[in-house]
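Q: Could you take me on a close look at one part of this model, beginning with a single residue and working outward to what lies around it? I would love a connected account.

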Amino acid sequence: AIILGIESSCDETSASVCIDGVIASNIIANQTIHHQYGGVVPELASRVHQQNIIPAVHQAIVEAKINKNQIDAVAFTRGPGLLGSLLVGTSFAKAFALANEIPLVEVNHMQAHILAHFIPNQREDKKLPEFPFICLTVSGGHTQIVLVKDYFEMEILGETTDDAAGEAFDKTAKILELPYPGGPLIDQYAKTGNPHAYQFPEPQIPGLNFSFSGLKTSILYFVRDNVKQNPNFIQENLADICASVQHRIVSILLNKLKKAAQEHQIKDIAIAGGVSANSGLRTALTALAQQKGWNVFIPKFEYCTDNAAMIAIAGYYKFLKKDFVGQDVAPLARMPIV
Ligand code: ATP
Ligand code: MG
Ligand code: FE
């Protein structure tokens, strides 16, 4: 079966073609207009989605070397995300399904981040995670430890009580006067810094939940106090600050992941979402996996941050179940994973 996937939940307009479970194209149009505002401006995001969606879909179809009439179903992100952004993808998908007389498949964006692991050929050994596995989903809006029992049967074991891990990266970058989006920049600067230069506190949160707002405040005060003494403190110590912050965020994430794996006696461990692109997290997780004997699943870079390939693969598995929705479907800004 051939599935067209559409993603428009935040500030990436993306279209992908999936042929019998294999990704044939994955076009991602990033929106740069938000950089000057230091964050995503929802009203602007939806307008840019409107401009980008038809070219993105067209290019996805061309690159996949198929004809539009061969598409068997269209899958789209129904939520969670920015309502105005979701509306563009949802409306496009509905119109495309109606015009081509094909079924419509709704996809949960957070499930899709996890199901990106079922895009084949991401690993040399071609292994896929086996159910049940644990996935740490770390993105711009979410931080969740998920017990994945089946493709669409998931249970949240723990999640953040305030900021998401991606937000912790982005807000730290803002404190350090780095441009938006700051996560990848912190990763970059951290590479040449000393992760033990500065000690940031690890919050004591019970169970498998997370909190990042205390860390953010401590970074803010730390930088403010040091800049008072030395106005060039940030510039002179940028790599060390980034490495130390990244080290703390990664240790918070991995300590909870260890606890979840131990409590549930699970050795297939995955990470997903934009922050899973972080090199510090990838390296530390790989080392931990060796120590614990885990089979660890780390997505290819292009499937970490928002992309339609993950929507198309999730859509493919729903298509196999004939899990379709009608033309009355509406997007949801909030949409629980279960
Ligand atoms: P959600 O999936 O929760 O709706 P989102 O779709 O905005 O949120 P993603 O696109 O999955 O989030 O991820 C974006 C986040 O990932 C941003 O916070 C960004 O800073 C962060 N990020 C991307 N690359 C890196 C990196 N290399 N290091 C740290 N953070 C990163
Ligand atoms: Mg984005
Ligand atoms: Fe996302």
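A: Happily! Let's begin with His109, which counts as buried because it has 26 C-beta neighbours inside 10 Å. Please keep in mind that this is a predicted model. His109 lies in helix H3. Setting aside residues within four places in sequence, its contacts are Ser9, Thr77, Gly79, Pro80 and Gly81.

His109 also carries a label from a record: an unreviewed UniProt entry gives the annotation "binding site" to His109, His113 and Asp306. These residues span 198 residues in sequence, yet no two of their C-alpha atoms are more than 8.8 Å apart, so they gather at one spot.

Asp306 deserves its own visit. Its place is in the loop between E10 and helix H9 (309-320). Asp306 counts as buried, because 26 C-beta neighbours fall inside 10 Å. Once neighbours within four places in sequence are left aside, Asp306 is in contact with Glu7, Ser9, Cys10, Glu12 and Ser14. Ser9 is thus a name to look for twice, as it appears among the contacts of His109 and among those of Asp306.

Now for the ligand. Ligand 1 is surrounded by 23 residues, and the closest are Gly140, Gly141, Gly166, Gly183 and Gly274. Helix H3 (109-115), helix H4 (165-175) and helix H5 (183-190) are the elements that give two or more residues to this shell. By character, the shell holds six nonpolar, 14 polar and three charged residues.

Helix H4 is a good one to follow inward. Nine of its 11 residues are buried, so the helix is largely enclosed by the rest of the structure. The buried residues are Ala165, Gly166, Glu167, Ala168, Phe169, Asp170, Lys171, Thr172 and Ala173. Gly166 thus appears both in this buried set and among the residues closest to ligand 1. The cover over the buried residues of H4 includes E6, E7, H5, helix H6 (213-229) and H7. Just after H4, Glu177 takes a positive phi of about 60°.

Two of those covering elements, E6 and E7, lead us to the sheet. It is an open sheet of five strands in the order E8-E7-E6-E9-E10, with mixed pairing. Strand E8 (153-159) and strand E10 (295-297) stand at the edges with a single partner strand each, so one side of each has no neighbour in the sheet. From one strand to the next, the twist averages 25°.

Within the sheet, have a look at E9. Five of its five residues are buried. Asp268, Ala270 and Ala272 point one way from the strand, while Ile269 and Ile271 point the other way. E9 runs parallel to E6, and four bridges join the two; one pairing to find there is Ile134 with its bridge partner Ile269 in E9. With E10, strand E9 (residues 268-272) also pairs in the parallel sense, over three bridges. Here Asp268 stands opposite Asn295 in E10.

Finally, helix H7 (residues 233-264) lies across strand E6 (133-138), strand E7 (143-150), E8 and E9, and runs at about 160° to E6. H7 is also one of the elements covering the buried residues of H4.

To place the whole tour, an unreviewed UniProt entry annotates residues 23-312 as "domain: Gcp-like". Over that range the chain is 46% helix and 17% strand, and the end C-alpha atoms are 8 Å apart.

Notes:
Residues are numbered from 1 along each chain as its sequence is written. Chains are lettered from A and ligands numbered from 1 in the order in which they are written. This is a predicted model: local features need pLDDT of at least 70, side-chain atom pairs count only at pLDDT 80 or more; totals for chains, interfaces and linings use all residues. UniProt positions are given in the numbering used here, feature names are shortened, and annotations may be inferred rather than shown by experiment. A residue is near a molecule or strand if its C-beta atom, placed from the backbone, lies within 6 Å of it. Ala, Val, Leu, Ile, Met, Phe, Trp, Tyr, Cys and Pro count as nonpolar, Asp, Glu, Lys and Arg as charged, and the others, Gly among them, as polar. Two strands pair if DSSP finds at least two bridges between them. Axes are lines fitted to C-alpha atoms, for helices over the stretch in contact, and angles run from 0 to 180 degrees between N-to-C directions. Two residues are in contact if their C-beta atoms, placed from the backbone, lie within 7 Å. A residue is buried if 20 or more other C-beta atoms lie within 10 Å of its own, exposed if 12 or fewer, and partly exposed in between; C-beta atoms are placed from the backbone.
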